[in-house]
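Q: I would like to learn how to read a model like this one, feature by feature. Could we start with the cysteines and then move on to the helices, cores and sheets?

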Amino acid sequence: MFGFRKRKNKDIRQDIRRENGGVPAAVTELLGGGYNSNLQIVTVYACVRVIAETLGMLPISLYDTSDKNKVKLADHPLTRCLAISPNSYQTSAEFMEYLATSVCLEGNFYAQIIRNSDGQVCELWPLDPYSVGVYQDSQNSKVYYSFKTKNGKFIKTTERDIFHVKIFT
């Protein structure tokens with residue numbers, strides 16, 4: 001009658017972001033659910049920015065630690081992907097800054113892993129944390145991810161094809 005409908009938490013969080021200048025729901029929750037102090041929001045963003053930009057400046061190296069010796073993997077395809085350009089849109093620094101910001105403000109970071117014909121990682125594409133669902137199969141305990149692409153298609157995949165960074169793990 002009044003146009004009300006039952007909404008999912010995801011819809012509510014997205015509305016909070018829209019109504020509050022794009023500020024993530026995690027920040028709202030951190031500040032007690034209200035925006036009674038702009039200084040607190042500015043402080044949170046300033047802290048996250050320092051963390052993200054610091055992480056973005058750090059050099060990235062991969063190491064093989066399977067033996068007792070630590071061997072640097074300079075020619076590994078994943079080294080190029082992480083250290084130079086994870087995708088055609090972002091530099092390594094931008095990717096790492098987005099990773100840190102997403103983990104700090106949303107609690108999770110997800111990226112879709114794109115592989116070449118040899119099965120090696122060639123690209124990492126960040127995903128909106130609100131568009132990703134994580135599920136565990138009750139029969140075999142395998143973890144599955146589902147997400148919506150920009151063209152509206154839903155994709156279900158295994159943890160082999162998702163790079164997931166969790167907070168507090």
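Q: Why is the sulfur of C104 not in a bond with the closest cysteine sulfur?

A: Bear in mind that this is a predicted model. A disulfide calls for two cysteine sulfur atoms within 2.5 Å. Here the closest cysteine sulfur to that of C104 belongs to C47 and lies 9.3 Å away, which is too far for a bond. C104 itself is partly exposed, its relative accessible area being 35%.

Q: How many disulfides does the structure hold, and where is the nearest cysteine sulfur to C122?

A: The structure holds zero disulfides. C122 is accordingly in none, and the nearest cysteine sulfur, that of C81, is 7.2 Å away. C122 is partly exposed, with a relative accessible area of 23%.

Q: How should I read the length of helix α5, and what span is expected for it?

A: One sets the reach of the helix against the span expected at 1.5 Å a residue. Helix α5, residues 92–106, has 15 residues and reaches 20 Å from its first C-alpha to its last, close to the expected 21 Å. The residue that follows α5 is G107, whose phi is positive, near 90°.

Q: Which residues of α5 are buried?

A: The buried residues of α5 include the nonpolar F95, M96, L99 and V103, and also S92, S102 and E106.

Q: Which residues make up the largest nonpolar core?

A: As a general idea, nonpolar side chains in soluble globular proteins tend to be buried together. In this model the largest such core has twelve residues, among them L62, C81, F95, L99, A111 and L124. At least two residues of this core come from each of α4 (77–83), α5, β3 (108–115) and β4 (121–127), and α5 supplies the largest share, with four residues. Apart from this core lies another, of six residues, including Y110, L127, V132 and F147.

Q: What does A111 touch, leaving aside residues up to four places away in sequence?

A: With those residues not counted, A111 touches F95, L124, W125, P126, L127, D161, I162 and F163.

Q: What is the strand order in the open sheet of three strands, and which are the edge strands?

A: One reads the order by asking which strands pair, and an edge strand pairs on one side only. The order in this sheet is β5-β6-β7, with antiparallel pairing, and the edge strands are β5 (132–136) and β7 (154–158). From one strand to the next, the twist averages 20°. Five bridges join β5 to β6, residues 143–148, and V132 has F147 as its bridge partner in β6.

Note on methods: Residues are numbered from 1 along each chain as its sequence is written. This is a predicted model: local features need pLDDT of at least 70, side-chain atom pairs count only at pLDDT 80 or more; totals for chains, interfaces and linings use all residues. Side-chain values use heavy atoms; hydrogens and water are left out. Two strands pair if DSSP finds at least two bridges between them. Axes are lines fitted to C-alpha atoms, for helices over the stretch in contact, and angles run from 0 to 180 degrees between N-to-C directions. The expected span of a helix is 1.5 Å times one less than its number of residues. Buried means under 20% relative accessible area, exposed over 50%, partly exposed in between (1.4 Å probe, protein chains only). A nonpolar core is a set of buried Ala, Val, Leu, Ile, Met, Phe, Trp, Tyr and Cys residues joined through side-chain atoms within 4.5 Å. Contact means heavy atoms within 4.5 Å.
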